[in-house]
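Grab a pencil and work through these exercises with the structure open beside you. Try each task before you read its solution.

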Amino acid sequence: MGEQLNGSLTARDAERARALRRIKLTATLLLVATAVLFIVARHFEPHHWAWGYVAAFAAAAAVGGLADWYAIVALFRRPLGLPIPHTAIVPRNHHRIAENLGEFIETNFLAPGPVEARLRDVDFAALVSEWLSDRERSAALAGFVMRLVPQALASIDQSGLKGFMAELQRIELAPLAAGLLSAVTEKGRHQRLLDELLGALEKVLVNEETLAALREKIRQELPALFNLYRADAYLLRKIVASTTAFIQEARAEKDHPLRREFDSFVSGFIDRLRHSQSFARRAETLKRDLLARQEIATVAEGAWESLRTFLEQDARGEDSQIRRQLEVMLVDVGGQLARDPAVRAEINRGMVRVLADFVQSQKSGVGLFIADQVKSWDIDVLIGRIELTVGRDLQYIRFNGAMIGGLAGLALHALEQGLKLRF
C-alpha cells in the first residue's frame with residue numbers, strides 16, 4: 001500500500017474533535033429530549049387538547065432527527081453495525097471516489113483554458129528580473145555555475161566533443177547557412193546589420209587619417225594643374241558630403257532604395273543557398289578543404305586545451321574573473337528585463353506556452369497519481385479527517401431535521417384536527 005494519510009492530530013485538529021464531540025452530544029440529547037417530550041405529551045394529552053399538538057411536534061421532531069442521524073452515519077459507517085444495504089457509502093466507494101476525483105481534477109482543473117488563464121496571471125519575467133537584480137542571489141547563482149564547471153569540462157572530454165570537427169563533415173553547409181540567415185532576416189533583423197555597417201562607414205568618412213588618404217589618392221589621379229587650385233580638397237569635400245548625406249538618408253528612411261536593394265540581395269542569396277546546386281557544391285568543397293587541413297585540427301585542439309585549462313584554473317580560484325563577470329551579467333540581465341516590457345511580455349508568452357504544453361502532456365499522469373494516492377489512504381483516517389472538516393455542519397443537519405420534522409408534524413396534526421371538526 002502507498003503512503004498513508006497522516007492520522008496524527010494537530011492542536012487545531014484536537015480542538016475540532018472536541019467541538020465535534022460536543023455538537024454530537026447536543027444533537028443526541030435533543031433527540032432524547034424530543035422522545036421524552038413525546039411520551040410526556042401523550043400521557044397528558046387526555047387532559048388538554050394542546051398536549052396533542054405538543055405530542056405531534058415531538059414525534060415528528062424525533063423521527064426527523066433520527067432519520068437525519070441515520071443518513072449522516074450511513075455516509076461513513078453502518079448504523080449500529082448492522083449490514084443495512086446502501087450504508088457505509090464512503091468506505092464502499094473508496095476506490096471509485098478516488099478515480100472520479102482524479103478524473104475531475106484532470107478534466108476541470110487541468111483543462112487548457114483554466115491552466116493558460118492562470119499562467120497568464122503570473123509575471124514570470126518580473127519574478128526572474130527581481131530575483132536576478134538582487135546581487136547576493138546573482139552571486140550565489142554565479143558561484144553555483146562555477147562549481148559545475150569542472151564536472152562539465154570532464155563530461156565534454158568524456159563525450160569526445162573535442163573531436164567534433166569530424167562530425168562537421170556530415171553537416172550540409174549551404175542549407176545550414178540558409179537557415180541561419182533566414183533566422184537573422186526574420187522581422188527585419190538584417191536591417192539592423194545594415195544600420196551598423198552604414199554607421200561604421202559614416203565614422204570612417206569623418207576620420208582624419210581616412211580623409212588624408214583619400215585626398216592623397218585624388219591628388220595622384222588629378223592632373224598637376226588641378227592640384228594647383230586645390231581641386232583635390234574640393235572634390236574630397238563633395239564626395240564626403242554626398243556620401244554622408246546618402247548614408248544619413250538611408251539610415252533615416254525605412255523604405256530607402258538602398259534598403260530595398262539590400263533586402264533583395266539577402267533574399268536572393270538565401271534562395272541560392274537553398275536551391276542552387278553550384279552554391280552547395282562550392283560550400284561543401286570549401287568546408288572539406290578547411291576541415292582536411294591538419295593545421296585547422298591542431299588549432300582547434302590547442303584552442304580547446306587552452307580554454308579548458310583557463311576555465312579550470314579560474315573556477316578553482318578564490319577571485320574568479322568569470323564568476324565576477326557572470327555575476328555582473330546576471331544583475332544586468334535582471335535590470336534589462338525590468339526596463340524592457342516587450343522582452344518581458346515575450347518571455348511570459350513563451351513560459352505560458354511551455355508550461356501549458358507540459359501540463360497538458362502530464363495531466364493524465366497527475367490524475368492517475370491523485371487517484372492512486374487517495375486509494376492508498378487509510379479509509380478510517382480519511383473518514384476522520386472528513387468528519388473533522390465538515391462534521392459540525394453535518395450535525396447541524398440533525399438539528400434542522402428535528403425542527404423541520406417537528407413543524408411538519410405540527411402542521412399535519414393541525415390539518416387532521418381541522419378535518420375532524422369539519423366532518
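Accessible areas here come from the Shrake-Rupley method with a 1.4 Å probe. Keep in mind that this is a predicted model.

**Exercise 1. The whole chain**

Find out how many helices and strands the chain has, and what share of its residues count as buried.

*Solution.* Start with the secondary structure: the chain has 19 helices and zero strands. Next, turn to burial: 27% of the 423 residues count as buried. Now the surface: about 28,300 Å² is exposed, and 63% of that comes from carbon and sulfur atoms. Last, look at contacts with a separation of 6 or more: 72% of them link residues 24 or more positions apart.

**Exercise 2. Checking helix lengths**

Compare the expected span of α17 with the distance between its end C-alpha atoms.

*Solution.* Step one: α17 covers residues 321–339, which makes 19 residues. Step two: the expected span is 1.5 Å times one less than the number of residues, so α17 should span 27 Å. Step three: the end C-alpha atoms are 27 Å apart, which agrees.

Do the same for α10, residues 189–205. With 17 residues, α10 is expected to span 24 Å, and the distance from its first C-alpha to its last is close to that, at 25 Å.

While you're there, pick out the buried residues. In α17 they are L326, E327, L330, V331, G334, G335 and L337. In α10 the buried ones include H190, D195 and E202, along with L194 and L198. To finish, check the N-terminal end of α17: S320 caps it, with a side-chain oxygen 3.5 Å from the backbone nitrogen of I322.

**Exercise 3. Two buried residues**

Decide whether T34 is buried or exposed, then list its contacts beyond four places in sequence.

*Solution.* First, place T34: it sits in helix α1, residues 11–44. Buried means under 20% relative accessible area. T34 has 8%, so T34 is buried. Then look for polar partners: a polar side-chain atom of T34 lies 2.6 Å from the backbone oxygen of L31. Beyond four places in sequence, T34 touches A58, A61 and A62.

Now repeat this with Q395, in helix α19. Its relative accessibility is 6%, so Q395 is buried as well. Leaving out neighbours within four places, Q395 is in contact with L20, I23, K24, A27 and I72.

**Exercise 4. Aromatic pairs**

Work out which kind of aromatic pair W49 and Y53 form.

*Solution.* There are three aromatic pairs in the structure. For W49 and Y53, the ring centres are 5.7 Å apart and the planes are 85 degrees apart. Planes over 60 degrees apart count as edge-to-face, so that's the label for W49 and Y53. W49 is exposed at 63% relative accessibility, while Y53 is partly exposed at 24%.

Another pair is Y396 and F399: their centres are 5.7 Å apart, but the planes meet at 40 degrees, so this pair is tilted. These two are three residues apart in α19, which means about one helical turn separates them. Y396 is partly exposed, at 37% relative accessibility.

**Exercise 5. An unusual angle**

Say what stands out about the phi of A88, and where A88 lies.

*Solution.* Begin with the general rule: most residues other than glycine have a negative phi. A88 isn't a glycine, yet its phi is positive, near 50 degrees. As for its place, A88 lies in the loop between α2 (50–76) and α3 (89–92). Finally, its relative accessibility is 9%, so A88 counts as buried.

Methods. Residues are numbered from 1 along each chain as its sequence is written. This is a predicted model: local features need pLDDT of at least 70, side-chain atom pairs count only at pLDDT 80 or more; totals for chains, interfaces and linings use all residues. Side-chain values use heavy atoms; hydrogens and water are left out. Helices (H or I, at least four residues) and strands (E, at least two) are DSSP runs, numbered from the N terminus. Buried means under 20% relative accessible area, exposed over 50%, partly exposed in between (1.4 Å probe, protein chains only). A polar contact is a pair of N or O atoms within 3.5 Å; within protein, one must be able to donate a hydrogen and the other to accept it, and residues adjacent in sequence count only if both atoms are side-chain atoms. Contact means heavy atoms within 4.5 Å. Rings of Phe, Tyr and Trp (its six-membered ring) pair if their centres lie within 6.5 Å; planes under 30 degrees apart count as stacked, over 60 as edge-to-face and the rest as tilted.
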